[in-house]
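Subject: A structure to look through

Hello,

Please find the structure below, and keep it open while you read the notes that follow.

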Amino acid sequence: MDKLKIDQSFVRNVDQDQQDAAIVEAIIAMGTHLGMQLLAEGVETAQELAFLSSKGCTRYQGYYFYKPMPGAEYQALISGAVTG
């Protein structure tokens, strides 16, 4: 294993919930110590992203970036035809 995914249930409101913040910090510390890539799922706000980034998480996914989309729209996005 070289990747560790932080579940959205911990990410949601991590900037407001002290218990979730402590869990996420511990997961990030453990993953970093083990040399793993960290990915936080379910990032929905700039505040959640800022918290995760400040703790050392470098990869994210969630509605903050894009909502699910049809395949053709995704193709247009990655080809540079659409900007988000």
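I begin with Glu41, which counts as buried because its relative accessibility is 16%, below the 20% under which a residue is called buried. The model is a predicted one, and that should be kept in mind throughout. Glu41 is found in strand β2, and a polar atom of its side chain lies 3.3 Å from the backbone nitrogen of Gln8. If we set aside the neighbours within four places in sequence, Glu41 is in contact with Lys5, Ile6, Asp7, Gln8, Val11 and Gln61.

With that residue in view, it helps to step back to the whole chain. The protein has 4 helices and 3 strands, and when it is read along the sequence these follow the pattern β-α-α-β-α-β-α. The C-alpha trace spans about 40 × 30 × 20 Å along its principal axes, and of the 84 residues in the protein, 27% are buried. Among contacts between residues at least 6 apart in sequence, 42% join residues that are at least 24 apart.

Next comes the interior. The largest nonpolar core has 16 residues, and those with the most contacts inside it are Ile6, Val24, Ile28, Ala40, Leu52 and Cys57. At least two residues of this core are supplied by each of β1 (3–6), α2, β2 (37–41) and α3 (46–55), and α2 gives the most, with 4 residues. Ala40 shows how distant parts of the sequence meet here: leaving out neighbours within four places, Ala40 is in contact with Ile6, Val11, Leu52, Cys57, Arg59, Tyr60 and Gln61.

Helix α3 deserves a look of its own. Which residues of α3 are buried? They are Glu48, Leu49, Phe51 and Leu52, and, seen down the axis of the helix, they fall within an arc of 165°, so they line one face of α3. What covers these buried residues includes α1, α2, β2 and β3 (59–61). Just after α3, Gly56 takes a positive phi of about 110°.

Another positive phi belongs to Asn13, where the angle is near 65° although the residue is not a glycine. Most residues other than glycine have a negative phi. Asn13 has its place in the loop between α1 (8–11) and α2 (18–33), and it counts as partly exposed because its relative accessibility is 37%.

Asp20, which is found in helix α2, is worth a careful check. Where is the nearest side chain of opposite charge to Asp20? It belongs to Arg12 and is 7.5 Å away, and Asp20, though buried, has no salt bridge. Not counting residues up to four places away in sequence, Asp20 touches Ser9, Phe10, Arg12 and Val14.

Finally, please turn to Pro70, which is found in the loop between β3 and α4 (71–78). Is Pro70 buried or exposed? Pro70 is exposed, because its relative accessible area is 53%. Pro70 and Ser53 are 17 residues apart in sequence, and their C-alpha atoms are 29 Å apart in space.

Best wishes

Conventions. Residues are numbered from 1 along each chain as its sequence is written. This is a predicted model: local features need pLDDT of at least 70, side-chain atom pairs count only at pLDDT 80 or more; totals for chains, interfaces and linings use all residues. Side-chain values use heavy atoms; hydrogens and water are left out. Buried means under 20% relative accessible area, exposed over 50%, partly exposed in between (1.4 Å probe, protein chains only). A nonpolar core is a set of buried Ala, Val, Leu, Ile, Met, Phe, Trp, Tyr and Cys residues joined through side-chain atoms within 4.5 Å. Contact means heavy atoms within 4.5 Å. The arc is that of the directions from the helix axis to the C-beta atoms. Lys and Arg count as positive and Asp and Glu as negative; His and the chain ends are not counted. A salt bridge is a side-chain nitrogen of Lys or Arg within 4 Å of a carboxyl oxygen of Asp or Glu. A polar contact is a pair of N or O atoms within 3.5 Å; within protein, one must be able to donate a hydrogen and the other to accept it, and residues adjacent in sequence count only if both atoms are side-chain atoms.
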